Each structure stands twice: as C-alpha cells, then as structure tokens.
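Please open the model in a viewer with selection by residue number enabled. The stops below are intended to be followed in order.

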Amino acid sequence: MPNVGFVWHERYMWHNTGMAAGSIPAGGLVEPEIHIENPSAKRRMRNLLEVTGVMDSLTPLRPRPVTMDEVLRVHGAAYIERLQAMSELGFGEAGDHAPVGKNSWEIALMSAGGCLVAAEAVWDRTVDTAYALVRPPGHHCERDRGRGFCLLANIPIAIEHLRRTRGARRIATVDWDVHHGNGTQSLFYEDADVLTISLHQDRCYPLDSGGVEERGTGAGEGANINVPLPPGTGHGGYLAAFDRIVLPALERFRPEIIIVPSGFDACAMDPLGRMLLTTDSYRAMTERLMAAAAQLCQGRLALCHEGGYSPAYAPWCGLAVMETLAGLPPTPDPYAHLALSGGQELKPAEDALIGMIEARLEHVPIGA
Ligand code: ZN
C-alpha cells in the first residue's frame with residue numbers, strides 16, 4: 001500500500017477570520033455572519049477521514065512553524081512587519097479579502113510549515129505522497145501583500161526550501177482551486193525552473209488575473225499556464241484540460257516533484273465557485289497526477305490545502321483524493337446525484353479554450 005503522509009494541526013482551526021457576510025466584511029448594511037473562510041469544511045474533512053477509517057492508513061506528519069529566514073526568501077520585510085503587527089493587535093486586513101485575527105501570524109507560520117514538511121517528506125521519500133490539510137491558505141498571497149484569505153505564500157516557501165536544502169531544480173505546481181493561483185504565478189513569473197499551472201473559473205478571483213495571455217516573462221516565458229475555464233465547467237471539461245494541457249506540459253517540463261495547491265471550491269456545491277466537479281472528478285484528477293508523477297519523478301506528489309467552502313461536500317471531495325492517494329476503495333458518495341447533473345460533458349467553449357492553450361504547449365521549457 002502507498003505510504004501517504006498527512007499534515008494536520010488543531011491550531012489551524014483557530015485562525016479567526018471574524019465576522020463577514022460571505023467574503024464581504026460586515027458593516028453598514030451588511031449584517032455580520034461568520035466569515036466564509038472558517039474552519040468548518042476543513043474540520044469536517046478531517047473528521048470524515050477519521051470516521052471512515054481512512055486516517056488509520058495515513059502517516060501523520062508533524063508540522064513546524066517556518067522560520068523568519070524561510071519566510072523572507074519569499075516575502076518582503078515590510079509586509080511581514082505589518083502582518084505581525086495586525087496579528088498582535090488581533091485585527092486587520094493583510095490585503096484585499098485577507099482578514100487577520102489574534103495570533104494569525106503564528107498560525108500562518110505553522111500553515112506554511114505544514115506545506116513545507118509535506119513537500120520535504122515527499123522529496124526525501126519518507127512517504128510516497130502527502131496531503132497538508134492546512135489553514136490559512138496561500139495561493140493568492142503575493143510577495144508584499146496578502147490576498148484572498150491568504151497570509152503567507154505557503155507553497156512558494158516550501159519550494160524555496162526544497163531548492164536550498166535539497167538541491168531541487170525543477171518543480172511544477174498544478175493548481176485545481178477554482179480561483180486563479182495568482183500568488184504562485186507572480187512569485188515565479190520570471191522563473192524557468194518552476195512550472196506554474198492554474199485551472200480556474202474565468203475571472204472569479206482575482207478579477208484581473210488568470211488570463212491565457214499570462215504565460216511568464218523573460219526566462220520564465222512559457223512556464224506559466226492559465227486555463228480560465230468558463231463558469232459551469234464540469235467533469236468532462238476538467239479532464240480534457242488535464243489530458244490535453246496539464247499532462248503534456250508536465251511531460252515536456254519533466255519536474256522533479258509535483259505540488260498541488262488543492263482547493264475543493266470547484267466542486268458542484270461551493271458557494272464561491274460556479275463549477276460542477278464531483279468526487280469522481282477529484283478522484284480522476286488525482287489518478288492522473290499520480291500516474292504523471294510515477295512516470296516523471298519517482299511518484300513525488302504533494303498536495304497542500306487551499307480553498308473549498310462547502311462544509312457539506314468539500315469533505316467528500318477531500319476524502320476521494322485521500323482514498324485515491326492511499327489506494328483504498330471509494331466510499332460511496334452520498335451526493336452521487338451531482339455527477340448526473342447537466343453540464344458535466346465537455347462543452348464547445350471549453351473545448352475551444354483548451355485547444356487554444358494546447359496549441360501553445362511548445363513554449364513550455366523542456367526539462368532534461
Ligand atoms: Zn479558492
């Protein structure tokens with residue numbers, strides 16, 4: 001059986017995003033409700049792993065906080081000082097839609113550290129694959145500002161760690177969160193050695209990034225691939241994007257490890273996304289990435305949690321990923337009817353977009 005590492009820490013659930021309505025801060029005519037980025041979906045995913053017994057097959061990986069040196073490889077000192085001050089105060093915004101509560105700084109260090117530990121364990125072959133169920137997320141965070149519920153760039157911090165301590169040279173990220181991985185993109189935009197791929201809903205968040213024309217610059221030209229799928233994309237569209245874009249790009253690039261910013265907000269019940277994915281979809285995407293990793297990089301595949309705001313359904317999508325990684329039979333999905341809904345097939349607009357990006361894959365840097 002594959003040895004699957006699992007990162008979790010109770011303190012991840014204590015990051016306090018405060019009161020809001022959806023993702024809009026409360027105030028004025030906006031009546032306070034619990035912020036949409038709250039522990040519920042994450043805690044319920046962990047609970048589901050426990051009650052199904054899947055947790056018994058996983059290898060616990062103990063997270064550690066990242067050090068200031070590790071943070072400053074990716075972030076500017078002024079931003080970090082600002083973030084620390086807000087965390088100390090117990091209130092603030094690290095950027096647009098990036099609320100900070102009391103001690104969010106310390107929890108963010110632990111979240112980045114969870115991703116680092118997962119990537120490191122996979123790199124060192126301590127485990128075959130790993131999933132870091134962390135919070136707060138990281139893929140919207142840029143060098144000098146938090147964004148989209150993200151305070152630190154978790155995966156870029158892990159990537160820089162692998163480069164400096166393990167001599168990693170070629171790393172690929174495949175971001176299946178429904179939102180654009182703008183932070184990861186921006187941090188490696190001129191870097192030919194980090195291939196950043198993001199499949200997301202067209203102009204969902206951020207509104208002004210994630211277009212197909214953003215392909216990297218300078219030495220990094222061709223090493224960023226955006227797949228801005230139309231709202232309503234389902235199983236067929238995502239798998240076509242995997243088969244015709246993601247897998248050929250990985251084959252060309254030949255990474256030494258694949259890291260997935262893993263959000264479950266492209267699922268059919270997410271309040272922030274308008275996509276139609278089901279447990280079948282997450283299982284199929286995981287299988288494809290496992291096969292690519294086996295072929296290209298001795299199976300090295302690490303997944304780090306990002307978004308996913310349906311407390312009811314995101315845990316089942318997470319369970320499907322974990323069962324696939326662990327080689328366990330699928331637990332029947334109580335929401336199986338979602339797979340039968342209209343719109344799951346590949347549609348002409350999706351096909352045309354995928355075809356356009358497919359035609360440019362020759363620009364992806366070729367790995368040795
Ligand atoms: Zn998201």
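Begin with the whole chain, coloured by burial if the viewer permits: 61% of the 368 residues of the protein count as buried. The model is a predicted one. The C-alpha trace extends over about 50 × 45 × 40 Å along its principal axes. A compact globule of 368 residues would have a radius of gyration near 21 Å, and the 19 Å of this protein agrees with that.

Switch to a cartoon view, in which 10 helices and 13 strands should appear. Among contacts between residues at least 6 apart in sequence, 78% join residues at least 24 apart. A surface view shows about 13,500 Å² exposed, of which carbon and sulfur atoms supply 55%. If the charged residues are coloured, there are 31 positive and 44 negative charges, and their mean positions are 4 Å apart.

**First stop: Met 55**

Select Met 55, in the loop that runs between helix H1 (40–51) and strand E5 (58–61). Is Met 55 buried or exposed? Its relative accessible area is 19%, and because the cut-off for buried is under 20%, Met 55 counts as buried. Display the residues around Met 55: beyond its neighbours within four places in sequence, it is in contact with Phe 6, Arg 46, Leu 49 and Glu 50. Phe 6 is 49 residues away along the chain, yet the C-alpha atoms of Met 55 and Phe 6 are separated by 8.5 Å.

**Second stop: helix H4**

Select residues 104–123, which form helix H4. A distance drawn from its first C-alpha to its last gives 28 Å for the 20 residues, close to the 28 Å expected at 1.5 Å a residue. How many residues of H4 are buried? The helix is mostly covered, with 19 of its 20 residues buried. After H4 comes Arg 125, whose phi is positive, near 65 degrees.

**Third stop: two cis peptide bonds**

Proceed to Pro 136, in the loop between strand E8 (129–132) and helix H5 (154–166). The bond that leads from Arg 135 into Pro 136 is cis, with omega near 0 degrees. Next, select Pro 206, located in the loop between strand E10 (194–201) and strand E11 (224–229). The peptide bond from Tyr 205 to Pro 206 is also cis, with omega near -20 degrees.

Remain in the loop between E10 and E11 and select Arg 203. Although Arg 203 is not a glycine, its phi is positive, about 50 degrees. Arg 203 counts as exposed, at 55% relative accessibility.

**Fourth stop: helix H8 and the loop after it**

Select Thr 279, which lies in helix H8 (residues 279–296). Thr 279 is buried, with a relative accessible area of 5%. Which residues does Thr 279 touch, not counting those up to four places away in sequence? They are Tyr 313, Trp 316, Cys 317, Ala 320 and Asp 333.

Then move to Gln 298, in the loop between H8 and strand E13 (301–305). Gln 298 is not a glycine but has a positive phi of about 50 degrees, and at 53% relative accessibility it counts as exposed.

**Last stop: Ser 341**

Finish at Ser 341, in the loop between helix H9 (314–326) and helix H10 (348–358). Ser 341 is partly exposed, with a relative accessible area of 31%. Add Glu 362 to the selection: 21 residues separate Ser 341 and Glu 362 along the chain, and their C-alpha atoms are 36 Å apart.

Notes. Residues are numbered from 1 along each chain as its sequence is written. This is a predicted model: local features need pLDDT of at least 70, side-chain atom pairs count only at pLDDT 80 or more; totals for chains, interfaces and linings use all residues. Side-chain values use heavy atoms; hydrogens and water are left out. Helices (H or I, at least four residues) and strands (E, at least two) are DSSP runs, numbered from the N terminus. The radius of gyration is taken over C-alpha atoms; the globule rule is 2.2 Å times the number of residues to the power 0.38. Buried means under 20% relative accessible area, exposed over 50%, partly exposed in between (1.4 Å probe, protein chains only). Contact means heavy atoms within 4.5 Å. Accessible areas come from the Shrake-Rupley method with a 1.4 Å probe; for residues, only the protein chains shown count as cover. Lys and Arg count as positive and Asp and Glu as negative; His and the chain ends are not counted. The place of a charge is taken as NZ of Lys, CZ of Arg, CG of Asp or CD of Glu. The expected span of a helix is 1.5 Å times one less than its number of residues.
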